[in-house]
Amino acid sequence: MTTGKVKGIIANLVTVAVDGPVAQNEICYISVGETKLMAEVIKVIGDNVYAQVFESTRGLKVGNAVEFTGHMLEVTLGPGLLSRNYDGLQNDLDKLTGVFLKRGEYNFPLDQEKKWEFKPIAKVGDKVEAASWLGEVDENHQPHKIMVPFVFEGSYTVKTIKAAGQYTINEVIAVLTDAEGKDHEVTMVQKWPVKKAILAYREKPRPFKLLETGVRTIDTANPLCEGGTGFIPGPFGTGKTVLQHAISKQAEADIVIIAACGERANEVVETFTEFPELDDPHTGRKLMERTIIIANTSNMPVASREASVYTSMTIAEYYRSMGLRVLLMADSTSRWAQALREMSNRLEELPGQDAFPMDLSAIIGAFYARAGYVYLNNGATGSVTFLGTVSPAGGNLKEPVTEGTKKVARCFYALEQARADRKRYPAVNPIDSYSKYVEYPEFEEYISGLIDKEWLPMVNDMKTYLQRGKEIQEQINILGDDGVPVDYHEEFWKAEVIDFVILQQDAFDKIDAVCPLERQQYMLRLVMDICKHDYDFDNFLDVIDYFKRIINLCKQMNYCEFHSAEFEDYRKKLDELLSEKQL
Amino acid sequence: MATKAFQKIYTQITAITKATCSLKAEGVGNDELATVNGKLAQVVKIIGDNVTLQVFQGTEGIPTNAEVVFLGKSPSLKVSDQLAGRFFNAYGDPIDGGPQIEGKEVEIGGPSVNPVRRKQPSELIATGIAGIDLNNTLVSGQKIPFFADPDQPYNQVMANVALRAEADKIILGGMGLTNDDYLYFKNVFSNAGVLDHIVSFVNTTENPPVERLLIPDMALTAAEYFAVEKHEKVLVLLTDMTLYADALAIVSNRMDQIPSKDSMPGSLYSDLAKIYEKAVQFPETIGGGSITIIAVTTLSGGDITHAIPDNTGYITEGQLYLRRDSEIGKVIVDPFRSLSRLKQLVAGKKTREDHPQVMNAAVRLYADAANAKTKKENGFDLTNYDERCLEFARDYSREILAIDVNINTTEMLDVAWQLFGKYFKPEEVNIKAALVEKYWPKA
């Protein structure tokens, strides 16, 4: 293996003189006394190798020894990843000793003692290739497939495979013979470099299946697709995190991966505390059982913040290869971009806008491209849905990270300060936000089958009412309440009904927090029916008063169990109220 | 600092800028301290045998033949119980004429707490200021700044908080304090007889700006000692973090780094996060100590989109704004823009059950009063409800919000109910029927 000596140090950028070949992005370890610090090669000029160190470089000296490993930053993949808390380099945080993080302390991310109940899928003589399913273990009630390692190239024949039984992850469960007749042993663990996408699938069609999140402003107004991508930009204090938590709790996914990337530690602690307590609405078990948290909070080393998003994505792709639906949430991608900026700055690269690296939008694009809905080689399907938050500096959406993301993410949920200030949560602006998926004919066909053909036109009508309501509000603001016809007030309040009943949702109310699709249909039909009618009013004060009562009744319905006696009671009251004034 | 025997002395400086100097030296560690003609400096860059030192006091008068001695250690602080009641400079040396501290020497700017070893904050910190306790309750382990204009009395408010908060230790980190403010803090603490649980690290405007960079780390190293080893509830006050960030910008500029937004270094977010994230609540198994940070970020012209307040807002758990209420002529904590993100962890749980509802109702009525005021200023007629809101707002400001009022949360709630009863009918206040039943003042 290649070795080297430290030549220069600027913060966490270290120059190393090497005695042999090194690869871009290769991992090396730099010695400081007894400890070895992990670092990644990010630039090579002649014999000088520039490495970013994933830890503090305090006390590092010129002349210290460096060992290269011959591989890029890898994650370890195998059963036992679920319900763990890792840092950006996949160290199991619970296994680390001490209150404080010690630099140079790394550990193995999986349990090597535990015996898993293995069931073979492949048979002796089967032709297999990378990512073919050899067997299955039960990991927290998820069918965790044991696959041919992704690094295997070409086709193989199964020579032996273990019978059903209990094995640890390091036991050989199969022997595969390659085309040249050479045998390869396979265990339940494999490694994969995080910066490379796992491409072991047959086809990646455009996403078309609705991913139900139980959040009305998403599912109804701007739906997210299974395998789709979306992003949530918003100034601080607009409820990004609450929205993201709501989605991660409720979305219809088999596996949820949360990448806490450069955000507040107390927020991660909230997830640590809450998830093991929360019931999974889909299985009735604990939410934590199907969750993996990659925590690299803002005070943890910057370079591993960058690694953390890749680590999360690679784990997501691994589970997708098993035919599972994975939801990956990253909060926040801006912090990742800032980590890139810090490094680019130390490398003295010519800066792009706001001192971000020139290739920022290409990096963001390549990362979002790893999400997707796929047909695996065996015909099964799997998906990685990616939702990232962006923290735009000063709340200004014209900044490089937001713009770079906007080019690649297909759904855009614009959190708005003004809505947040008025406590209209989720503070997603219904007019600026969009979902490109509603324009896909595949999605239209799917949703028409799932609900009916009238659904998308009805959603479109809803948006038209909202748009109209906004325009009228501006006129009222200029001309005054008396300055516009009574009809205008009626139009405006219809938009308010939509806002209060459909768009706003109480994430802290037990019932309102999750709104299943069936219920969303019911409420949208109800609200649109209210909007489509004409009413009999003499003056605008009556309009305001009347519609406030409508809103109140509809909101009470949102707080009741669907179709409960109480719910139907409010519905009856609402119908009576409507018949008073409807023409 | 005294030179030890047999230490190698370098006398050939190759380059000098306003904040740094470079020389050829060997066996030097990154972040290591050195003295340059007696002035303290720190290694910031090593390229081969070329070492760049950041000289904290500035390089004025440093000759090319200055004596440079490397100290073989990073900046550190001696911690022990002797810290209590003392004033120190940015290097941790006493400035109150007292003796040097004896204790364990700890490197400052140490590692972060493993997130799985943290506990979700859940202990209330009472300050007696209603704008905080009632509307934006603080929780131990929280980090929250005042976003203040330079002319607002934020240091007085901080001093008030320090005196009233029920913390075991209070650590003051003063960066670019005017000498007047430094003496103010010193007098207030001495007069209140609370010096024994206060530790201060002070850099005044008379000291070189780059020295400020050491202050937060010094203060937080002391805080970690008391929170981790003594299991104490520690409150850290940092004023003014804008001047700290300005010092960061100066240094990065001198080191030819490319500035990002508002001429701030690209690493501003990480630099600030490293400080603020030291706020922590430890679980009982680790002693149950905590570090809470209240900071001041001065704004220029109230602009919160500037890189310093903007990055701060993304890191901290809320922010507090001060405002002069023209109706009563007193400073209040602005109930509209201020936000404590952790308040729901304690409001109504560690305080009386009606707290969240009373808080929201009062702020809503206060907002109605603000609308009524606008209406009045625009020459529109006020309804009877508007008039009552205005009167309520005046009383609410004077009897609860003003920062010179010092009552506990239960008293605040009682006063709020009295005011509701005085001006409104229960249906106008929109509070859960069961609570109205229990707390509405009986005629």
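User: Why are strand E1 (residues 3–10) of chain A and E5(B) called paired?
Analyst: Two strands pair if DSSP finds at least two bridges between them; E1 of chain A and E5(B) have 3 bridges, in the antiparallel sense, and therefore meet that criterion. Within E5(B), Ile46(B) is the bridge partner of Ile9(A). Strands (E, at least two residues) and helices (H or I, at least four) are DSSP runs, numbered from the N terminus.

The model is predicted: local features need pLDDT of at least 70 and side-chain atom pairs count only at pLDDT 80 or more, while totals for chains, interfaces and linings use all residues. Residues are numbered from 1 along each chain as its sequence is written, and chains are lettered from A and ligands numbered from 1 in the order in which they are written.

User: What makes a residue part of the contact between chain B and chain A?
Analyst: Two residues are in contact if their C-beta atoms, placed from the backbone, lie within 7 Å. The contact takes 44 residues from chain B and 47 from chain A. Strand E5 (39–47), helix H6 (268–276) and helix H7 (307–315) of chain B each give two or more residues to the side of chain B, and H7(B) gives the most, with 5 residues.

User: Which domains does the assignment give for chain B?
Analyst: The assignment, automatic or from a database, gives domain 1 (9–70), domain 2 (76–343) and domain 3 (355–439). The C-alpha centres of domain 2 and domain 3 of chain B lie 33 Å apart, and their contact takes 20 residues from domain 2 and 19 from domain 3.
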